[in-house]
Amino acid sequence: MEHMLQEQLIRDVKTLCGLPEGRQVGSAGNRKATAYAAGRLRDMGYGVQEKSFGCLDWEESGCRIRAGKEDVAGFVSPWSLPCALTAPWVCAGTIEELEETDMEGRIVVLHGQLCQEQLMPKNFVFYNPEHHRRIIGRLEAGRPAAIVAITGKNPELAGALYPFPLIEDGDVDIPSVYVKDTEGEKILGQAPGLLTLEIRSRRRKATGANVVARLEGSSGRRVVLTAHIDAKKDTPGALDNAAGVATLLGLAERTVRRPVRHTVEVVFLNGEDDYAQPGQMLYLEDNADAMDDILLNINVDGAGCRGVRDGYCTIGWPEKGSGLLEPLSDRTAFAVMDPWMQGDHMLFVMAGIPALAVTSENLDEVMGEIAHTPQDTPDRISPEKLVRLSAALDRLLLALDEQGMGE
Ligand SMILES: [Zn+2]
């Protein structure tokens, strides 16, 4: 069975990564991915619901920036509205400068301190620093015609992108582009004048869905297994996170072969890599009065990478439940990591539910270099590791059914 399962799971990864439209929320590929995963679970005998939400679809075909006689190379900020204009430019490097600058009808060039890190989307509720909201608030109040952000490399917040988009937010209606620091010098090195900016892009209303599948138990409690199924635009999204979806499909195939005491809920959340996290918001809404029956959450995101161990951490896990982690005790296969305070397990942690997050041991390095890039391809994934992880998690669930959380 193990060998057939390996072949099946790598087929799942390849299918999800091979969708020509990608799996970005709002895209046709994203809808095909959820339909595929729902079909797989239905075929196994799970009761499956596809819970849909409204979202945006977005596409772009580049931009043109010209300052004086110089062409400046740049990129369209994800979700940006289109524009075609020539206007005077003004610049700001700090929040104080931004607050003093008259931007109305002009193109504002942001640099320096203002561009240290990507700004959290304005309606992102899970984490949103005050200074980010202040910058966005000031930009919206100042009504510039467009934004040019000069950004360097910040692997921590934007994957491996250089330059990185300062703004990635479908709720911001100011057209924007981002450029490398070296390109930005071409603008800042000139006396203030006119800037020509053309952004070719389009926003459209679309839909997406979470996949919620259940194998009913008898205890009235449930364990929730999560993996996000969406991916960033222009990446195959193998490690991030087709591998996590495939792992849970493998786990689902195991649990369905035996009677379960606690209901097994498999959730493919849709939006971890989206500015609005629509699937996560919908799941919280659907479960607003129903989180109490969740015993624990297991989230798989970024696991199964060749050449490195899978890594895991627990958050809010009771001491008495530590015996449940025995199936992950082989340190040649699984590393213990510091708590990872991002990712979909945080939905459960915030509700006081114990969570186990599984990813790759060198999360920063792997995610920083591979995630969100065209290099995140299926050949990086080890089918053996997906099968091994699904087996270990199945043993954990079996132990939970037999012993409870250790009480
Ligand atoms: Zn991910």
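User: How many disulfides does the structure hold?

Analyst: The structure holds zero disulfides, a disulfide being a pair of cysteine sulfur atoms within 2.5 Å. This is a predicted model, in which local features need pLDDT of at least 70 and side-chain atom pairs count only at pLDDT 80 or more, while totals for chains, interfaces and linings use all residues. Residues are numbered from 1 along each chain as its sequence is written, and side-chain values use heavy atoms, with hydrogens and water left out.

User: What places C83 in no disulfide?

Analyst: The nearest cysteine sulfur to that of C83 belongs to C63 and is 9.0 Å away. The cut-off is 2.5 Å, so C83 is in no disulfide.

User: Why is C83 called buried?

Analyst: Buried means under 20% relative accessible area, exposed over 50%, and partly exposed in between (1.4 Å probe, protein chains only). C83 has a relative accessible area of 11%, so C83 is buried. C55 also counts as buried, because its relative accessibility is 15%.

User: Which protein atoms are the donors of the zinc ion?

Analyst: They are NE2 of H228, OD of D240 and two OD entries of D301, lying 1.9 to 2.7 Å from the zinc ion. Donors are N, O and S atoms within 2.8 Å of the metal (3.2 Å for Na, K and Ca); water is not among the atoms, so sites may look incomplete.

User: Why is the site of the zinc ion called irregular?

Analyst: Four donors count as tetrahedral if all angles lie between 85 and 135 degrees; four count as square planar and six as octahedral if opposite donors are over 155 degrees apart and all others between 65 and 115; anything else is irregular. The angles among the four donor atoms of the zinc ion run from 52 to 151 degrees, so the site is irregular.

User: Why are D240 and D301 counted as buried or exposed?

Analyst: D240 has 4% relative accessibility, so D240 counts as buried. D301, with a relative accessible area of 2%, is buried.

User: What makes the largest cavity a cavity, and which residues line it?

Analyst: On a 1 Å grid over the protein atoms alone, a cavity is a set of points where a 1.4 Å probe fits but cannot get out, and lining residues have an atom within 4 Å of a point. The count comes to one cavity of 30 Å³ or more, and the largest cavity has a volume of about 40 Å³, the space filled by probe spheres set on the points, which are joined across faces, edges and corners. Its lining includes S77, W79, D169 and R203.

Technical notes. 1 Å grid on protein atoms, 1.4 Å probe; cavity = no way out; pocket = protein on both sides within 12 Å on 5 of 7 lines; lining within 4 Å.
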